[in-house]
Amino acid sequence: MAGTGSGLGIGDVARSTGLSIDALRFYEREGLLVGPVERDTAGRRRYRPLDVEWLGICVRLRESGMPLADLRAFARLVRQGPGNEAERLRLLDTHRERVDEQIRALEECRSLIAWKTAVYAEHLARGEAAGLWDPTAPGPSPEV
């Protein structure tokens with residue numbers, strides 16, 4: 001592909017992945033891609049559809065909180081090719097467990113927020129919002 005001018009330019013890939021041009025260069029420097037990025041005769045990066053697909057996976061893994069070190073390890077394993085699928089599975093399974101825990105914690109937060117919104121809605125409907133948490137009020141702590 002080098003020198004042919006085929007493939008996508010870095011700006012096109014940035015738009016399609018949601019990554020900035022600087023982030024794409026960072027991913028390349030950090031060894032997060034599954035292959036070398038081709039260059040045209042002018043030295044401009046040319047990305048293959050496979051590169052863009054892989055970057056989409058990287059974006060989701062990072063959005064889900066995967067540490068860069070784990071993403072780097074995953075990319076390294078993929079670059080090595082067949083034979084290390086069990087290692088890849090362990091890495092992804094460990095990350096999935098972390099994500100599951102984050103989801104559980106967020107669900108607890110959502111439950112608390114739902115309870116609080118119900119308390120506020122009930123007080124407002126009764127016209128009794130004045131008693132809802134006023135740290136300047138004397139006496140016992142009002143309902144939060």
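## Aromatic rings and a nonpolar patch

At 7% relative accessibility, Trp54 counts as buried. The model is predicted.

**Exercise 1.** Classify the ring pair of Trp54 and Phe74, and place it in the fold.

*Solution.*
1. The ring centres of Trp54 and Phe74 lie 5.6 Å apart, with the planes at 25°.
2. Planes under 30 degrees apart count as stacked, so Trp54 and Phe74 are a stacked pair.
3. Trp54 belongs to helix α3 (residues 49-63) and Phe74 to helix α4 (residues 68-80), so the pair ties together parts 20 residues apart in sequence.
4. Phe74 has a relative accessible area of 9% and is buried.

**Exercise 2.** Find how many aromatic pairs the whole structure holds, then classify the pair of Phe26 and Tyr27.

*Solution.*
1. A search of the whole structure gives 2 aromatic pairs.
2. Phe26 and Tyr27 form one of them, at 6.3 Å centre to centre and 70° between the planes.
3. An angle over 60 counts as edge-to-face, so that is the class of the Phe26 and Tyr27 pair.
4. Tyr27 is buried, at 6% relative accessibility.
5. Phe26 is partly exposed, with a relative accessible area of 27%.

**Exercise 3.** Describe the surroundings of Trp115.

*Solution.*
1. Lys116 lies over the face of Trp115, 4.6 Å from the ring centre.
2. Trp115 also joins Leu112 and Ile113 in a nonpolar surface patch.
3. Together the patch residues have about 340 Å² of accessible area.
4. Ile113 sits in helix α5 (residues 85-126).
5. The cut-off for exposed is over 50%; Ile113, at 51% relative accessibility, counts as exposed.

Notes. Residues are numbered from 1 along each chain as its sequence is written. This is a predicted model: local features need pLDDT of at least 70, side-chain atom pairs count only at pLDDT 80 or more; totals for chains, interfaces and linings use all residues. Side-chain values use heavy atoms; hydrogens and water are left out. Rings of Phe, Tyr and Trp (its six-membered ring) pair if their centres lie within 6.5 Å; planes under 30 degrees apart count as stacked, over 60 as edge-to-face and the rest as tilted. Buried means under 20% relative accessible area, exposed over 50%, partly exposed in between (1.4 Å probe, protein chains only). Helices (H or I, at least four residues) and strands (E, at least two) are DSSP runs, numbered from the N terminus. A charge sits over a ring if NZ of Lys or CZ of Arg is within 6 Å of the ring centre and within 35 degrees of the ring normal. Patches are made of residues with over 30% relative accessible area and no salt bridge: like charges are joined within 9 Å, nonpolar side chains (Val, Leu, Ile, Met, Phe, Trp, Tyr) within 5 Å. Accessible areas come from the Shrake-Rupley method with a 1.4 Å probe; for residues, only the protein chains shown count as cover. A salt bridge is a side-chain nitrogen of Lys or Arg within 4 Å of a carboxyl oxygen of Asp or Glu.
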